[in-house]
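Please look at the sequence and the structure shown below. The paragraphs that follow lead from one local feature to the chain as a whole.

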Amino acid sequence: DTASKLQICRRIAATNLWPGLGTDGEAYVVKYGQGAAYVVGPRGWISLLYRAGAKRVTVACVHAGDTFDPGSLVPPTPPKLVPSADPQRSAKPFTHAIAFVEWAEGATDFAVVDASEIERVKKSSPAGDKGPWGKWPEKMAHKVALRVLARNVSRRIEMPDVARTAMAHAIETDGDEAEAMPDEPTPANPAEDTRPVIPARKPRA
């Protein structure tokens with residue numbers, strides 16, 4: 001309908017992430033209720049993190065049989081993943097999804113979501129197994145971790161206004177899935193969170 005089309009145009013203008021097809025797009029226009037919705041994909045979240053000043057962004061899924069240490073917030077300890085050598089590894093269910101960002105100043109941030117959190121987001125999707133979750137389950141798990149990471153760093157990372165505005169609009173675009181997205185654990189004692197506040201920097205071209 002006209003209202004959803006106008007909303008999609010506003011989202012595209014605000015995020016500067018253009019819709020595509022398959023797994024190649026930064027964002028997608030999907031059927032939603034009686035209209036359509038603009039949804040940011042994994043590539044889009046990665047682009048937003050680079051605009052915010054990331055030097056490197058990595059995503060991965062942990063499959064059953066992998067050696068995995070989820071790390072911790074306090075003290076800041078990044079996750080460690082050693083994929084198994086099993087040739088059937090990719091066919092095994094994944095237990096976690098990881099998104100990791102290294103900033104230009106050398107500091108790092110990460111998000112780790114487990115299979116139950118990913119499944120909750122999947123079940124909240126109107127399309128369920130018939131949509132992208134059925135076609136690209138690993139990419140969608142990446143998206144969950146990336147979205148959690150982007151939401152969490154947007155709360156504590158200083159970034160250019162244009163990057164913050166784009167990220168804020170992107171965070172609002174996931175419809176029913178947004179409500180099911182897991183949040184970053186809060187340290188029992190916030191004073192123990194020694195991660196630095198990253199200063200503002202110019203957005204990447």
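In this predicted model, N16 adopts a positive phi of about 55° at a position just after α1. The helix that precedes N16 covers residues 2-15. With 14 residues at 1.5 Å a residue, α1 should span 20 Å, and its end C-alpha atoms are indeed 20 Å apart, so expectation and model agree.

Which residues of α1 are buried? They are S4, I8, R11, I12 and T15. Viewed down the axis of α1, the buried residues fall within an arc of 100°, and therefore they line one face of the helix. The face turned away from this buried side bears exposed residues, namely T2, A3, C9, R10 and A13. Buried here stands for a relative accessible area under 20%, and exposed for one over 50%.

The cover over the buried residues of α1 comes from several parts of the chain. Strands β1 (27-32) and β2 (35-40) contribute to it, and the helices α2 (42-51) and α6 (161-171) are also included.

These elements belong to a chain with 7 helices and 7 strands. Read from the N terminus, their order is α-β-β-α-β-β-β-β-β-α-α-α-α-α.

The chain as a whole can be described in similar terms. Of its 205 residues, 44% are buried. Among contacts between residues at least 6 apart in sequence, 64% join residues at least 24 apart. The accessible surface of the chain amounts to about 10,800 Å², and carbon and sulfur atoms account for 56% of that surface.

Conventions: Residues are numbered from 1 along each chain as its sequence is written. This is a predicted model: local features need pLDDT of at least 70, side-chain atom pairs count only at pLDDT 80 or more; totals for chains, interfaces and linings use all residues. Side-chain values use heavy atoms; hydrogens and water are left out. Helices (H or I, at least four residues) and strands (E, at least two) are DSSP runs, numbered from the N terminus. The expected span of a helix is 1.5 Å times one less than its number of residues. Buried means under 20% relative accessible area, exposed over 50%, partly exposed in between (1.4 Å probe, protein chains only). The arc is that of the directions from the helix axis to the C-beta atoms. Contact means heavy atoms within 4.5 Å. Accessible areas come from the Shrake-Rupley method with a 1.4 Å probe; for residues, only the protein chains shown count as cover.
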